[in-house]
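Please work through the following exercises with the sequence and the structure at hand. Each task is followed by a solution in steps.

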Amino acid sequence: MTSLTDGQVAELRATVRGQVIARGDSEYDTARRVFNAMIDRRPALIVRCTGAADVMASVRFAREGGLVVSVRSGGHGVAGLAVCDDGLVIDLSGMKTMRIDPRRRVARCDPGLTLAEFDRETEAFGLATTMGTISMTGITGLTLGGGLGWLMGKHGLACDNLISADVVTAEGKLLVASEEENADLFWALRGGGGNFGVVTSLEFWLYDQGPVFAGLVAHAITDCAAALGFLRDFARSAPDELALMGAVLTLPDGLTITGLAGCYSGDVKKGERVLLPLRSFGKPLVDQFQVMPYTAFQRVMDWWAEPGKQHYWRSGFLKELPDNTLGVLAKYGANKAIRRSAFGVEFPGGKASKIAPDATAFVHRKAKYNFLLLGSWDDAAGNAAGMKWVNDFWEEMKPSIGEGVYVNYLGADEPAERVKGAYGANYVRLQAVKAKYDPENFFRMNQNIRTGKAA
Ligand SMILES: Cc1cc2nc3c(=O)[nH]c(=O)nc-3n(C[C@H](O)[C@H](O)[C@H](O)COP(=O)(O)OP(=O)(O)OC[C@H]3O[C@@H](n4cnc5c(N)ncnc54)[C@H](O)[C@@H]3O)c2cc1C
């Protein structure tokens, strides 16, 4: 265990503007908690940074003291890599300033913003850009991994709309990464996760966004294979403005349903027409599609993602989605022993899929189906049964799963090949950028890109 002297900690406290929390402090247990309650790590120090200066000082302090660092923005990463054992947490979750330039349609953001905070600010100007689907998620971890969301068909992924980022490197220096400056680093940040430094500011392109035509139709779980099969076929001809997702989940009243969700982000009248076949399919138990503000749809799934629950996830891009795979989904839907757990398929496409796989570090541009198996239960007593359910299900899905996986959906205990699979054909180029900006792998609490002997 790291032994820091009182003098060292006092020196850090005197250097930074933000709060430094150590073991024994009253806020320690709250400050080390993240979204996934399965993660129970005990850092030596947590620095609640107020700006880039605090980040630079924290990096230098950790280097000199030989401490591992982890970086926390929204704290939503299911693998829990935002906290480390025995090292120093660079906590950016309090950095939440955001400035919109409506004339240039650009947002300059601090790294600690959540999607809800980001969207609220852009909505005031009638603007938006792609972010994820659960509003408590942090914008920074999401963007660095790629950023899949309801607007990706129209505007690309969150990372495709990143204009520049400020990055504190392993040497404790601040660099700007953009197409013009440190372009190799900028390429790597857009899909390469937190491997290269600490991002202290991000700039995004924004777009006009009015209300959306969006919602969900719920089908009986006994119709799971048919409903998801319909969605698979319907998605093939979906316009770029329409994002779709099929999910099996249990509603708060205990009813397990197959939900077909969609968000049409173009003209709402057109969206109503485009979504008519989906809403007319079969015998839905309920149809919640309606015109609503984009920010309202961004929050509709928040009830599922209550923080402080146990989360054990598996995910992977599917090679195809044939009827026999739908049969596996239907089987686990019908025997959904773990109430809080959910699973589903995202259908990436549109603009996100038209960008070249090597244009940014996010390589999975051509993937048609992203399978998410979201194991979740209330407390640790459910771990054995919950993990078994996930692992059994995952085993049966394996023949359909390709090598690729979205880096932000990787779990905490994934083998090295799966981490490599997250970077795919871009891995070698990412290794070169890692070797240039972080040759000693100082930033290793992430889905790690290895270089040199460790590779
Ligand atoms: C309920 C739920 C729903 C989700 N839905 C979506 C979705 O719709 N679309 C989607 O794309 N993803 C989704 N995700 C995944 C999400 O993108 C990741 O969990 C992401 O890491 C969250 O970002 P964060 O800032 O909250 O993470 P944190 O836990 O704070 O960070 C995760 C990792 O990101 C890196 N990182 C974070 N901040 C920085 C920084 N400032 N500088 C350098 N590295 C940093 C670090 O490696 C860190 O370990 C979802 C996750 C959850 C739990």
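The exercises below concern a predicted model and treat its domains, its ligand shell, a sheet, a hairpin and one loop residue.

**Exercise 1. Domains**

Task: State which domains the protein is assigned, and describe how domain 1 and domain 2 touch.

Solution. Step 1: The domain assignment lists domain 1 (6–91), domain 2 (98–208) and domain 3 (212–416). Step 2: Taken over C-alpha atoms, the centres of domain 1 and domain 2 are 23 Å apart. Step 3: At their interface, 12 residues of domain 1 are in contact with 16 residues of domain 2. Step 4: On the domain 1 side, helix α3 (residues 52–65) contributes the most, namely five residues. Step 5: Sorted by class, this side of domain 1 holds six nonpolar, five polar and one charged residues.

**Exercise 2. The shell around the ligand**

Task: Determine how many residues surround the ligand and which elements supply them.

Solution. Step 1: The ligand is surrounded by 35 residues, of which G74, G132, G138, G141 and G194 are the closest. Step 2: At least two residues of the shell come from each of β3 (69–72), α5 (139–145) and β10 (198–205). Step 3: The most is given by α5, with five residues. Step 4: By class, the shell comprises 15 nonpolar, 19 polar and one charged residues. Step 5: Domain 1 (6–91) and domain 2 (98–208) each provide at least three residues of the shell.

**Exercise 3. A five-stranded sheet**

Task: Give the order of the strands in the open sheet of five strands, and name helices that pack on this sheet.

Solution. Step 1: Strands in a sheet are held in pairs by backbone hydrogen bonds, in a parallel or an antiparallel manner. Step 2: Here the order is β5-β6-β10-β8-β9, with antiparallel pairing. Step 3: β5 (98–101) and β9 (174–178) are the edge strands, each pairing on one side only. Step 4: From one strand to the next, the twist averages 15 degrees. Step 5: Strand β8 (residues 162–168) and β9 run antiparallel and are joined by five bridges; V167 has L175 of β9 as its bridge partner. Step 6: Helix α3 packs on the sheet and touches β8, β9 and β10, its direction making about 45 degrees with that of β8. Step 7: Helix α4 (residues 115–123) also packs on the sheet, touching β5 and β6 (106–109), and its direction makes about 30 degrees with that of β5.

**Exercise 4. Strand β13 and its partners**

Task: Establish how far strand β13 is covered and which strands are joined to it.

Solution. Step 1: Strand β13 (residues 242–250) is mostly covered, as eight of its nine residues are buried. Step 2: Nine bridges join β13 to strand β14 (residues 256–264), and the two run antiparallel. Step 3: In this pairing, L242 stands opposite Y264 of β14. Step 4: β13 and β14 form a hairpin with five residues between them, and G254 in the turn has a positive phi of about 100 degrees. Step 5: Strand β18 (residues 342–346) is also antiparallel to β13, joined through four bridges; the partner of M245 in β18 is E346.

**Exercise 5. P399**

Task: Decide whether P399 is buried or exposed, and give the reason.

Solution. Step 1: P399 is located in the loop between α14 (383–397) and α15 (416–423). Step 2: A residue counts as exposed if 12 or fewer other C-beta atoms lie within 10 Å of its own. Step 3: P399 has 11 other C-beta atoms within 10 Å and is therefore exposed. Step 4: Its C-alpha atom is separated by 8.8 Å from that of T325, although P399 and T325 are 74 residues apart along the chain.

How values were computed. Residues numbered from 1 in each chain as written. Predicted model: local features only at pLDDT ≥ 70, side-chain atom pairs only at ≥ 80, totals over all residues. Near = placed C-beta within 6 Å. Nonpolar A, V, L, I, M, F, W, Y, C, P; charged D, E, K, R; others polar. Domains from an automatic or database assignment. Contact = placed C-beta atoms within 7 Å. Pairing = 2+ DSSP bridges. Axes fitted to C-alpha atoms, helices over the stretch in contact; angles between N-to-C directions. Buried ≥ 20, exposed ≤ 12 C-beta atoms within 10 Å, placed from the backbone.
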